[in-house]
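User: I am new to this structure and would like to know what its descriptions rest on. Please go through the terms one by one.

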Amino acid sequence: MKDLHSHILFGIDDGCNSIDEAINLLKESKKQGIDEIILTPHYIENSKFNCNNTEKKALFEKLKSKLAEENIDIKIYLGNEIFFTDNFLDLLEKDEICTLNNSKYILFEFPMGPIYNNTSEIISLLISNGYIPILAHPERYSRFQEHPEIAEEYLRMGVHLQGNFTSLFGKYGKTSLKTLKYLLKKHYISFLGSDVHHQVNYSEKKLRKKLLKITKDAAYVENLLVNNFDKVINNEEIGILR
């Protein structure tokens, strides 16, 4: 199993505070069935969560070295979870934010409340410049909870959706659970991630069983947990339901 979304890179957002906490979280992730994981610290303009790529890469290499020292067999990659902005392209050019493993895939999140009026235009600009947007945890946003069918609009634009698998275990409440189930049944979700910050609270075996029960599609589950992740890491195209 592979994890597209985590807050394990230490000391730069609301995730792990220290390298020791990060190592312990990676150890526990490995025990629960994670073999590869992308570290996606928050990037929020005009906030304290705005670590640039130079600093991120230095912390990433430090963590990677520590994993090798402790002989922990888990692969890590670097990315960002970027709070939605009309400055995506400027931030990329200035080396402030990074895509997932230097691929064309870029992970972003919406505000939890109302979504910006110019959202479609900004997403279209990203796509026209060669990037493939991935929207983090749609099941947590009020707009998707109230009207989950709007996911189709984003799919038609070319946006992939990444659900938090902890939503399936009730972490974000019944409404998030119901919304993610709807999106999974429709095969609208391309990836699942932990969005882990401080505590690992999942199990690969339980997750697979739950996903098979919801989707009735073993091949789709394998894409969610392994194959689509690999395509991101290798910068390959993923088919999207439009």
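Analyst: What follows takes the sheets, then the rings, then the helices. This is a predicted model, in which local features need pLDDT of at least 70, side-chain atom pairs count only at pLDDT 80 or more, and totals for chains, interfaces and linings use all residues. Residues are numbered from 1 along each chain as its sequence is written, and side-chain values use heavy atoms, with hydrogens and water left out.

User: What makes β1 and β2 a pair?

Analyst: Two strands pair if DSSP finds at least two bridges between them. Strands (E, at least two residues) and helices (H or I, at least four) are DSSP runs, numbered from the N terminus. β1 and β2 (residues 36–39) share two bridges in the parallel sense, so the pair meets the rule. K2 stands opposite E36 in β2.

User: Which strands are at the edges of the sheet with the order β1-β2-β4?

Analyst: That open sheet has three strands and parallel pairing. Its edge strands are β1 (2–3) and β4 (75–78), each of which pairs on one side only.

User: Why are β3 and β9 called edge strands?

Analyst: They belong to an open sheet of six strands, paired parallel in the order β3-β5-β6-β7-β8-β9. β3 (42–43) and β9 (191–193) each have a single partner strand, so one side of each lacks a neighbour in the sheet. Two bridges join β3 to the parallel strand β5 (residues 81–83), with H42 opposite E81.

User: What puts K210 over the face of F169?

Analyst: The rule asks for NZ of Lys or CZ of Arg within 6 Å of the ring centre and within 35 degrees of the ring normal. K210 lies at 5.2 Å from the ring centre of F169, so the distance part is met.

User: What makes the residues between α7 and α8 a contact?

Analyst: Contact means heavy atoms within 4.5 Å. The axes, lines fitted to C-alpha atoms over the stretch in contact, with angles from 0 to 180 degrees between N-to-C directions, come within 9 Å and cross at roughly 65° for α7 (residues 174–185) and α8 (residues 204–215). K181, L184 and K185 of α7 make the contact with L211, I214 and T215 of α8.
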